[in-house]
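This explanation goes through a protein model from its helices to its interior and then to its empty spaces. Keep the sequence and the structure in view while reading.

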Amino acid sequence: MKRREFLALIGGTAVAWPLAVPAQQGGKTFRIGYLGVSSSSLEPHYVAAFREKLRELGRVDGENIAIEYRWAEGRDDPSLATELVDLHPDIIVTTGTPGALAAMQATKTIPIVMASSADPVAAGLVASLARPRENVTGFTILGPELEAKRLELLKQTVPSLARVAILRNPSNPAVVSYFEATKSAAQTLQIALDPVAEVRQPDEFDVAFLSIARAHPHALAVLADRFLLAHRKRIVEFAATNKLPSMYPYREYVDAGGLISYAPSNIELFRGAATYVDKILKGAKPSDLPVQEPTKFEFVVNLKTAKVLDLTIPPALLAIADEVIE
């Protein structure tokens, strides 16, 4: 089965949309700031899902809402959140823990909706899932729990697995809990995590890849992080070159040629973010909207990549896969 293509509503996701759009006659134009940690070219399907759900709710960009985009292009750039705040939007939508933290540090009054976040309580984004912060709410991806599940699935994919390389971004506060959960699962599965390579900036990939290649691990696991996601093509190409079966935290890696991924449906999360935007624009307080956990998860397998790796995916795993790319 091939990946569903999201063709609608992506034409205007490039870099920025004009914020000053004339209001509908007799109504107000609400201004929405969108802080993307990755890039518009890598996440058009997320933006499309977000805008499509807004349209279903009667909120159309260019008519009664105006969306201003800022894309970090995989960089840690808090100034983008400040730029959005200076435009005085009615609401800010963001993704990932670093993006949400940047938005929260930039404003304590403008409502913030997280389309996805790891452990928002541990990161200090919200007081609790049930009663979030005064101006922050949204959706969580249950990061730590998923990292353990991903390692289990990787072990099932490669039954002889004994040593796994880890690729992580230590600049992401959520990575601490991700790695702890991965270590706990590794102990249970009797898997050594070696080496643990870290990448904070694009120029650090070569060193990280060299350390992994020299260690000759049996497989690679990439911890969830949207900066790494922005560089997924580079990571997937490295894994292919070194014949490393790899587990990824987002299905986009598998679409790019990675082996397997297990993750919440980001499309559903971004549609959910649109519903929260609609509620807040109607007058709801972020603190009254609980942070929601994902309800839909996707296990995706790329059989084409498995064949290149001379790897046979166990039939039991294929039977539970939500999508198989052939």
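A residue counts here as buried when its relative accessible area is under 20%. The model is a predicted one.

Begin with helix 1, residues 44-56. By that cut-off its buried residues are His45, Tyr46, Val47, Ala48, Ala49, Phe50, Arg51, Lys53 and Leu54. What do they pack against? The buried residues of helix 1 pack against strand 1, strand 2 (65-71), strand 3 (91-95), helix 7, helix 9 (251-255) and helix 10. The length of helix 1 can be checked: at 1.5 Å a residue, its 13 residues should span 18 Å, and because the end C-alpha atoms are 18 Å apart, the two values agree. After helix 1 comes Gly58, which has a positive phi, near 90°.

Helix 10, one of the partners of helix 1, can be checked in the same manner. Its 16 residues should span 22 Å at 1.5 Å a residue, and the end C-alpha atoms are 22 Å apart, which agrees. Is helix 10 largely enclosed or largely open? Of its 16 residues, 13 are buried, so helix 10 is largely enclosed by the rest of the structure. Gly283 follows helix 10, and the phi of Gly283 is positive, near 120°.

The next topic is the nonpolar interior. The largest nonpolar core has 85 residues, and Phe50, Val164, Leu167 and Ile235 have the most contacts inside it. Helix 10, at residues 266-281, supplies the largest share of this core, 9 residues. Phe50 is also among the buried residues of helix 1. Val164 can be followed further: with neighbours within four places in sequence left aside, its contacts are Leu151, Leu154, Ile191, Ala192, Leu193, Asp194, Pro195, Pro217, Ala219, Leu220 and Ala221. Another core, of 13 residues, lies apart from the largest one and includes Val85, Ala100, Met104 and Met114.

Now consider the space that the atoms leave empty. The largest pocket holds about 350 Å³. Its lining consists of 26 residues, and those nearest the centre are Arg75, Asp76, Asp77, Pro98 and Gly99. Strand 1 (30-36), helix 3 (96-106) and helix 7 (226-230) are the elements that each give two or more residues to this lining. Which of them gives the most? Helix 3 does, with 6 residues. By class, the lining of the largest pocket has 10 nonpolar, 10 polar and 6 charged residues.

There are also 3 cavities of 30 Å³ or more in the structure. The largest cavity has a volume of about 100 Å³. It is lined by 15 residues, with Gly96, Ile141, Tyr178, Arg226 and Tyr250 nearest its centre. Helix 3 again appears, giving the most to the lining of the largest cavity, with 3 residues. This lining is made up of 7 nonpolar, 6 polar and 2 charged residues.

The second largest cavity has a volume of about 40 Å³. Glu147, Arg150, Leu151, Thr182, Ala221, Val222, Leu223 and Met247 form its lining. Helix 4 (143-157) and strand 8 (219-222) are the elements that give two or more residues to it, and helix 4 provides the largest share, 3 residues. Sorted by class, the lining of the second largest cavity has 5 nonpolar, 1 polar and 2 charged residues. Leu151 and Ala221 in this lining are also contacts of Val164.

Key. Residues are numbered from 1 along each chain as its sequence is written. This is a predicted model: local features need pLDDT of at least 70, side-chain atom pairs count only at pLDDT 80 or more; totals for chains, interfaces and linings use all residues. Side-chain values use heavy atoms; hydrogens and water are left out. On a 1 Å grid over the protein atoms alone, a cavity is a set of points where a 1.4 Å probe fits but cannot get out, and a pocket is an open set with protein on both sides within 12 Å along at least five of seven lines; lining residues have an atom within 4 Å of a point. Grid points are joined across faces, edges and corners, and a volume is the space filled by probe spheres set on the points. Helices (H or I, at least four residues) and strands (E, at least two) are DSSP runs, numbered from the N terminus. Ala, Val, Leu, Ile, Met, Phe, Trp, Tyr, Cys and Pro count as nonpolar, Asp, Glu, Lys and Arg as charged, and the others, Gly among them, as polar. A nonpolar core is a set of buried Ala, Val, Leu, Ile, Met, Phe, Trp, Tyr and Cys residues joined through side-chain atoms within 4.5 Å. Buried means under 20% relative accessible area, exposed over 50%, partly exposed in between (1.4 Å probe, protein chains only). Contact means heavy atoms within 4.5 Å. The expected span of a helix is 1.5 Å times one less than its number of residues.
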